[in-house]
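Open the model in your viewer and keep the selection panel at hand. This tour goes stop by stop, saying what to select and what to look for.

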Amino acid sequence: MNETYSFRTWVADLILWSMGTDVEVERQASLAAMQITGVAKELVREIPPHVLRDGPGQGVTGLMFLVEVLARRYAPLDVESSTKAIAEFLNFSRRQGEDIDNLLVRFDVLRNRAQARGGIAMNIASLSWMLLKA
């Protein structure tokens with residue numbers, strides 16, 4: 001599902017869930033692990049249940065360890081993230097039937113992402129030209 005639901009988005013959603021849930025910390029990793037599907041499920045099955053419950057030690061929870069294990073395999077490299085952020089921003093265009101408010105919000109999100117992840121910064125004239133072109 002990486003094309004429609006990136007690893008970064010999944011981790012962000014998982015963090016929000018862990019902060020907002022009443023589920024005990026000791027159970028969070030096992031609940032998250034049960035939702036994982038595909039080949040990643042096989043990777044998760046290699047983690048001993050007691051590590052999911054208690055973590056590997058040194059202040060690392062089971063949920064943090066689960067994310068760490070999955071990140072080693074599924075998280076994009078920094079160069080991949082920066083290249084994708086820049087490409088999405090530079091190829092910005094209006095979607096079919098998209099209203100101006102949604103277009104502006106999406107433009108800001110992509111601009112911020114390209115600046116934060118890709119280090120690209122544009123002046124007002126360049127940004128205005130991109131919006132007019134879109």
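Is Gln-58 buried or exposed? Select Gln-58 in this predicted model. Its relative accessibility is 82%, and the cut-off for exposed is over 50%, so Gln-58 counts as exposed. The residue sits in the loop between helix 4 and helix 5. Check the backbone too: phi is positive, about 55 degrees, although Gln-58 is not a glycine.

**Stop 1: the largest nonpolar core**

Select Trp-10, Ile-36, Ile-47, Leu-66 and Leu-70. These belong to the largest nonpolar core, which has 19 residues, and they touch the most other members. Now colour helix 1 (7-20), helix 2 (25-35), helix 3 (39-45), helix 4 (49-54) and helix 5 (62-74). Each of these helices supplies at least two residues of this core. Helix 5 gives the most, with 6 residues. As background, nonpolar side chains tend to be buried together in soluble globular proteins.

Centre on Leu-66. Leave out residues up to four places away in sequence, and Leu-66 touches Ala-29, Ala-32, Ala-33, Ile-36, Val-44, Ile-47 and Leu-52.

A separate core lies apart from this one. It has 9 residues, among them Ala-114, Ile-120, Leu-127 and Met-130. Keep those four selected for a later stop.

Go next to Ile-36, in the loop between helix 2 and helix 3. Its relative accessibility is 10%, under the 20% cut-off, so Ile-36 counts as buried. Show its contacts. Setting aside residues up to four places away in sequence, Ile-36 touches Trp-10, Lys-41, Val-44, Leu-66 and Leu-70.

**Stop 2: helix 1 against helix 5**

Two packed helices are described by the angle between their axes and the distance between the axes. Display helix 1 and helix 5. They pack at an angle of about 175 degrees, with axes 11 Å apart. Helix 1 is therefore roughly antiparallel to helix 5.

Show the side chains. From helix 1, select Phe-7, Trp-10, Val-11, Leu-14 and Ser-18. They meet Leu-63, Val-67, Leu-70, Ala-71 and Tyr-74 in helix 5. The residues of this contact divide into 9 nonpolar, 1 polar and no charged.

Stay on helix 1 and pick Ala-12. Ala-12 is partly exposed, with a relative accessible area of 37%.

**Stop 3: Leu-43**

Select Leu-43 in helix 3. At 29% relative accessibility, Leu-43 counts as partly exposed. What is Leu-43 in contact with, leaving aside its neighbours within four places in sequence? The contacts are Val-69, Leu-70, Arg-73 and Tyr-74. Then draw a distance to Leu-16: 23 Å, C-alpha to C-alpha, across 27 residues of sequence.

**Stop 4: helix 6 against helix 7**

Move along the chain to helix 6 (residues 78-90) and helix 7 (residues 100-118). They pack at about 145 degrees, with their axes 8 Å apart. The crossing is left-handed.

From helix 6, show Ser-81, Ser-82, Ala-85, Ile-86, Glu-88 and Phe-89. They meet Phe-107, Leu-110, Arg-111, Arg-113, Ala-114, Arg-117 and Gly-118 in helix 7. The contact residues divide into 6 nonpolar, 3 polar and 4 charged.

**Stop 5: helix 7 against helix 8**

Keep helix 7 and add helix 8. Their axes come within 12 Å and cross at roughly 135 degrees. Helix 7 and helix 8 are therefore oblique to each other. Helix 7 passes helix 8 in a right-handed crossing.

Select Leu-103, Leu-104, Phe-107 and Arg-111 on helix 7. Their partners on helix 8 are Leu-127, Met-130 and Leu-131. The residues of this contact comprise 6 nonpolar, no polar and 1 charged. Leu-127 and Met-130 are also among the residues of the 9-residue core.

**Stop 6: Leu-132**

Finish on Leu-132, in helix 8 (residues 124-133). Its relative accessibility is 71%, so Leu-132 counts as exposed. Draw two distances from its C-alpha atom. The C-alpha of Ser-93 is 9.8 Å away, with the two positions 39 residues apart in chain numbering. The C-alpha of Ala-12 is 32 Å away, and those two residues are 120 apart along the chain.

Definitions and conventions: Residues are numbered from 1 along each chain as its sequence is written. This is a predicted model: local features need pLDDT of at least 70, side-chain atom pairs count only at pLDDT 80 or more; totals for chains, interfaces and linings use all residues. Side-chain values use heavy atoms; hydrogens and water are left out. Helices (H or I, at least four residues) and strands (E, at least two) are DSSP runs, numbered from the N terminus. Buried means under 20% relative accessible area, exposed over 50%, partly exposed in between (1.4 Å probe, protein chains only). Axes are lines fitted to C-alpha atoms, for helices over the stretch in contact, and angles run from 0 to 180 degrees between N-to-C directions. A crossing is left-handed if the near helix is turned anticlockwise from the far one by less than a right angle, and right-handed if clockwise. Contact means heavy atoms within 4.5 Å. Ala, Val, Leu, Ile, Met, Phe, Trp, Tyr, Cys and Pro count as nonpolar, Asp, Glu, Lys and Arg as charged, and the others, Gly among them, as polar. Angles under 35 degrees count as roughly parallel, over 145 as roughly antiparallel, 65 to 115 as roughly perpendicular and the rest as oblique. A nonpolar core is a set of buried Ala, Val, Leu, Ile, Met, Phe, Trp, Tyr and Cys residues joined through side-chain atoms within 4.5 Å.
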